[in-house]
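Me: Could you take a close look at one part of this model for me, the place where its chains meet, and tell me about any enclosed space as well? A connected account would suit me best.

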2 protein chains.
Amino acid sequence: MSFSSRHAISTHILMVLACCPETKASSDMLATSVNTNSVVIRRLLAKLRDAGIVKVQKGADGGYSLARVPSHISLWDIFEAVEELPLFNVHQSPPNPCCSVGACVERLLASVYEEAEDSIRALLSDKSLQDLVNDIAKS
Amino acid sequence: MSFSSRHAISTHILMVLACCPETKASSDMLATSVNTNSVVIRRLLAKLRDAGIVKVQKGADGGYSLARVPSHISLWDIFEAVEELPLFNVHQSPPNPCCSVGACVERLLASVYEEAEDSIRALLSDKSLQDLVNDIAKS
DNA sequence: CCATATGTAACAGCATCGGTTACAATTGTC
DNA sequence: GACAATTGTAACCGATGCTGTTACATATGG
């Protein structure tokens with residue numbers, strides 16, 4: 001199973017916020033850019049708010065803005081905020097412990113999966129929102 | 001969304017086959033070790049057969065065995081055989097192209113996601129079934 | 001011929017995702 | 001204070017995917 005599009009959508013939203021640092025954006029405006037419903041946007045922004053990535057002002061003339069500079073928001077920060085971890089699942093029902101493989105396969109795989117998650121974390125942590133904004137200019 | 005347990009189950013099955021290279025294993029016996037239904041096992045083995053990882057003998061006294069030595073079966077081979085690629089999804093409906101971010105965000109993210117997938121591929125390709133079998137002995 | 005296997009379709013139960021409607025709560029402006 | 005704009009969130013829908021199960025067709029060794 002692949003990941004949801006939540007990371008892609010969230011990154012999209014945050015890039016828009018990063019491009020207009022002076023103004024607050026409403027969920028409606030962001031939904032138009034992403035081409036989806038504003039509730040979908042608000043749900044994601046609630047997670048990003050809980051993770052301390054965006055600031056929210058409620059009420060009339062309210063809206064969303066980044067809680068810190070784009071160079072200090074990594075793609076992994078976003079991933080952690082909106083996706084479920086861990087990336088890999090082991091067995092749902094525990095394997096038969098009487099089998100010599102069954103007795104230890106979960107532990108062995110958990111270690112491999114941890115390494116895999118680490119490599120993704122390292123890679124996404126190394127790329128900031130600011131990097132992506134700079135890439136727009138370059139292209 | 002995390003991955004399914006298919007990779008973990010498949011690796012488990014293949015480790016059992018690797019441990020008994022002389023004998024064929026039935027889906028029923030493998031299901032007992034994994035602690036699930038034999039149809040679940042046969043479904044996975046059909047994918048592994050299509051990928052050229054296991055050999056199948058049908059009929060009475062039939063069963064499954066590895067199609068090549070465990071040192072030449074990597075965890076990535078297994079992953080490719082039973083999981084859907086790509087790992088990451090971009091937007092479902094295309095973003096608004098009138099927005100300067102919307103116009104290019106998919107392309108920028110696709111490049112990041114490709115790097116992430118490459119790093120997972122490299123890591124899993126580097127670990128063979130034989131390595132895991134050796135790990136059993138070590139533990 | 002029969003017992004034992006695999007192959008696979010069909011269905012159920014469950015979870016998650018993305019989208020939508022509806023409405024409560026908050027807050028700036030007049 | 002009234003009102004309009006906005007966020008917060010619950011509730012529901014349809015689609016999809018995963019795991020497990022039953023059922024049955026097919027193949028094959030003895």
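Reply: Happy to. Let me begin with the enclosed space: a cavity here is a set of grid points where a 1.4 Å probe fits but cannot get out, and its volume is the space filled by probe spheres set on those points. Please keep in mind throughout that this is a predicted model.

With that in hand, a search of the whole structure turns up one cavity of 30 Å³ or more. The largest cavity holds about 30 Å³ of space. Its lining is made up of A:Val16, A:Leu17, A:Cys20, A:Thr23, A:Lys24, A:Ala25 and A:Met29. Sorted by class, that lining has five nonpolar residues, one polar residue and one charged residue.

Now to the place where the chains meet. Chain B can be superposed on chain A with an RMSD of 0.0 Å, using a turn of 180° and a shift of 0.0 Å along the axis. This is why the two copies can be described by a two-fold axis. The same surface serves both copies, as 100% of the contact residues of chain B recur in chain A.

The contact draws 53 residues from chain B and 53 residues from chain A. Together, chain B and chain A bury about 4,600 Å² between them, and 67% of that area is on carbon and sulfur atoms. On the chain B side, B:Met1, B:Phe3 and B:Val101 deserve a look: they supply 15% of the area that chain B buries against chain A, more than any other three residues.

As for polar features, five residue pairs are in polar contact between chain B and chain A, with both partners at pLDDT 80 or more. Salt bridges between chain B and chain A number zero.

Note on methods
Residues numbered from 1 in each chain as written. Chains lettered and ligands numbered in written order. Predicted model: local features only at pLDDT ≥ 70, side-chain atom pairs only at ≥ 80, totals over all residues. Heavy atoms only, no water. Least-squares fit on C-alpha atoms with pLDDT ≥ 70 in both. Contact = heavy atoms within 4.5 Å. 1 Å grid on protein atoms, 1.4 Å probe; cavity = no way out; pocket = protein on both sides within 12 Å on 5 of 7 lines; lining within 4 Å. Nonpolar A, V, L, I, M, F, W, Y, C, P; charged D, E, K, R; others polar. Buried area = accessible area lost by both parts, 1.4 Å probe. Salt bridge = Lys/Arg side-chain N within 4 Å of Asp/Glu carboxyl O. Polar contact = N/O pair within 3.5 Å; in protein donor to acceptor, adjacent residues only side chain to side chain.
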